[in-house]
Amino acid sequence: MPVPEPALADAAGVPAARPAEGRERMLSGWGRTTRSRALVLVPRDAQEVAEHVGSGAVGGLIARGAGRNYGDAAQNAGGAVLDMTAMQRVLAIDPERRQVTVQAGATIAAVMAALAPHELTLPVVPGTRHVTIAGAIASDIHGKNHHRDGGFARHVHAITVCTPAQGLVEVSPQSDPELFYGTLGGMGLTGVVVQATLAAAPLPTPWVSEDLDRTGGLNATLELLAGEDPRRYSVAWLDLLAGGARAGRALVSRADPVEAPSRRERTRLDAARAEFAAALLRGPRVTVPAAVPGGLLQPAAVRAFNELRWQRGPRRARGRHLEMAPYFFPLDVVGDWNRLYGRRGLVQYQFVLPTGADASLVRCFELLREHRVPVYLAVFKRFGPAFGGPLSFPLEGWTLAIDVPAAWSGLAGALAALDEVVAACGGRVYLTKDARMRAELLPAMYPLLRRFRALRARVDPDGVLSSDLARRLGLDEVRA
Ligand SMILES: Cc1cc2nc3c(=O)[nH]c(=O)nc-3n(C[C@H](O)[C@H](O)[C@H](O)COP(=O)(O)OP(=O)(O)OC[C@H]3O[C@@H](n4cnc5c(N)ncnc54)[C@H](O)[C@@H]3O)c2cc1C
């Protein structure tokens with residue numbers, strides 16, 4: 001079923017301010033820690049993408065979606081950046097086969113809003129609805145349901161991608177498995193995605209039913225997250241300030257979609273679904289102003305906030321009905337919240353440790369405490385089996401994400417110590433959130449790196465695709 005062409009609008013439904021073609025701009029990721037200047041080009045269709053990719057731009061090029069990566073993945077100092085947000089259409093929805101075909105720059109919000117009237121939704125969503133579909137593919141993003149449903153990559157049927165060697169090609173797992181899987185999590189370095197066909201999931205209602213538990217220590221937290229009958233969504237907020245026997249205590253949220261109510265309630269449900277779609281396209285309730293002096297999130301405030309959050313959390317709650325949009329995207333309520341961290345920005349550090357590396361997990365918690373890292377948010381989740389390509393982040397085990405003000409003086413030393421523990425036990429750091437890791441650790445964290453480089457030698461032999469992240473970590477090398 002083709003979807004009628006909408007007026008050009010951004011995720012909040014506001015007409016998008018398109019940058020002029022070929023304008024030089026300073027770019028950064030959501031963390032605003034590393035900035036660089038590039039020539040930003042705004043292709044309107046696949047042909048324009050192919051022209052840019054084929055033109056052999058000086059300094060190479062990289063695709064950029066909504067710029068919601070935290071680090072330096074979607075910027076390219078001295079080269080070109082293809083801003084894909086003008087290609088934002090939902091092209092077709094097939095309710096029978098539960099499939100949706102979209103342009104690369106369509107946002108998660110726009111696609112979910114288009115699917116909702118068909119009682120469908122996206123099977124995997126990140127913590128913000130403002131990322132683009134191609135950004136989600138290139139980072140193989142995960143949601144609160146990775147242990148049940150895998151990452152975004154698992155739900156991609158086909159992509160149209162433009163590589164320097166081949167131009168525009170439609171790729172499926174059957175037609176070119178190396179390129180297909182290599183692009184899922186490939187950080188934009190295998191080609192520019194222009195279109196994707198994705199699996200959609202049923203949306204029985206726009207609500208989830210949540211159980212909340214406050215645990216006393218790590219074992220109880222792990223038990224709830226890895227229980228025999230895991231719910232579809234689970235996530236824990238760790239109190240990283242607690243030590244001794246209380247280390248690893250957490251607020252654990254486990255939830256399932258609320259099933260369709262009785263026929264009598266269907267009218268109410270239709271209205272709720274329409275409201276859900278509208279809410280996805282609405283702007284934030286408040287927006288942080290551009291100039292926040294010195295950053296509000298200083299260590300003392302961070303500690304006080306952690307303590308308050310912990311004390312305020314209910315000890316136990318069952319079957320709380322919550323609306324899906326705020327449940328999945330709680331941070332989207334505040335626009336530009338990254339500005340709260342001040343001019344120097346924030347680092348979001350996320351790692352995953354394989355199942356069985358429990359001693360390393362405990363060591364990571366100890367290091368965070370020993371270094372007195374001022375952690376504002378510590379989100380802990382369980383991952384299911386790995387899927388996707390050589391650079392895809394998720395692997396079966398435990399993942400922790402922390403937000404830290406970049407201005408905090410002890411940051412470099414603390415994270416370098418954590419990197420070592422993570423790499424030594426076969427874990428890895430999430431590249432889409434990184435702007436600081438040492439390149440030497442990459443092969444230990446991503447053991448299929450050679451395969452990725454071999455793929456690049458085939459699809460990008462002259463090294464046209466490059467980014468600040470790629471150069472910093474040596475990902476843009478084309479030799480195997
Ligand atoms: C508040 C917040 C919450 C988040 N929560 C989660 C979460 O729960 N789980 C999770 O996994 N991630 C999460 N993220 C990270 C985010 O989902 C990823 O970084 C995602 O890739 C950002 O998509 P984007 O459209 O903003 O892409 P960008 O940030 O612009 O780019 C990210 C990568 O995608 C590549 N890319 C973009 N467009 C294309 C294209 N057309 N073709 C090829 N490559 C392309 C870029 O080159 C770059 O390597 C979160 C980020 C924020 C800010």
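**Cavities and ligand shell**

Mentor: The count comes to 2 cavities of 30 Å³ or more. This is a predicted model, in which local features need pLDDT of at least 70 and side-chain atom pairs pLDDT 80 or more, while totals for chains, interfaces and linings use all residues. Residues are numbered from 1 along each chain as its sequence is written, and side-chain values use heavy atoms, without hydrogens and water.

Trainee: What makes a set of points a cavity?

Mentor: On a 1 Å grid over the protein atoms alone, a 1.4 Å probe must fit at the points but be unable to get out. The second largest cavity holds about 30 Å³, a volume being the space filled by probe spheres set on the points.

Trainee: Which residues line the second largest cavity?

Mentor: Lining residues have an atom within 4 Å of a point; among them are Asp239, Phe365 and Arg369.

Trainee: Why is the ligand said to lie between domain 1 and domain 2?

Mentor: Domain 1 (3-203 + 455-473) and domain 2 (207-258 + 284-441) both give residues to the shell around the ligand, so the ligand lies between them. The domain bounds come from an automatic or database assignment.

Trainee: What makes the pair formed by Ala63 and the ligand a polar contact?

Mentor: A polar contact is a pair of N or O atoms within 3.5 Å. A backbone N or O atom of Ala63 lies 2.7 Å from a ligand oxygen atom, so the pair meets that limit. A backbone N or O atom of Met187 lies 3.0 Å from an oxygen atom of the ligand.

Note on methods
A polar contact is a pair of N or O atoms within 3.5 Å; within protein, one must be able to donate a hydrogen and the other to accept it, and residues adjacent in sequence count only if both atoms are side-chain atoms. On a 1 Å grid over the protein atoms alone, a cavity is a set of points where a 1.4 Å probe fits but cannot get out, and a pocket is an open set with protein on both sides within 12 Å along at least five of seven lines; lining residues have an atom within 4 Å of a point.
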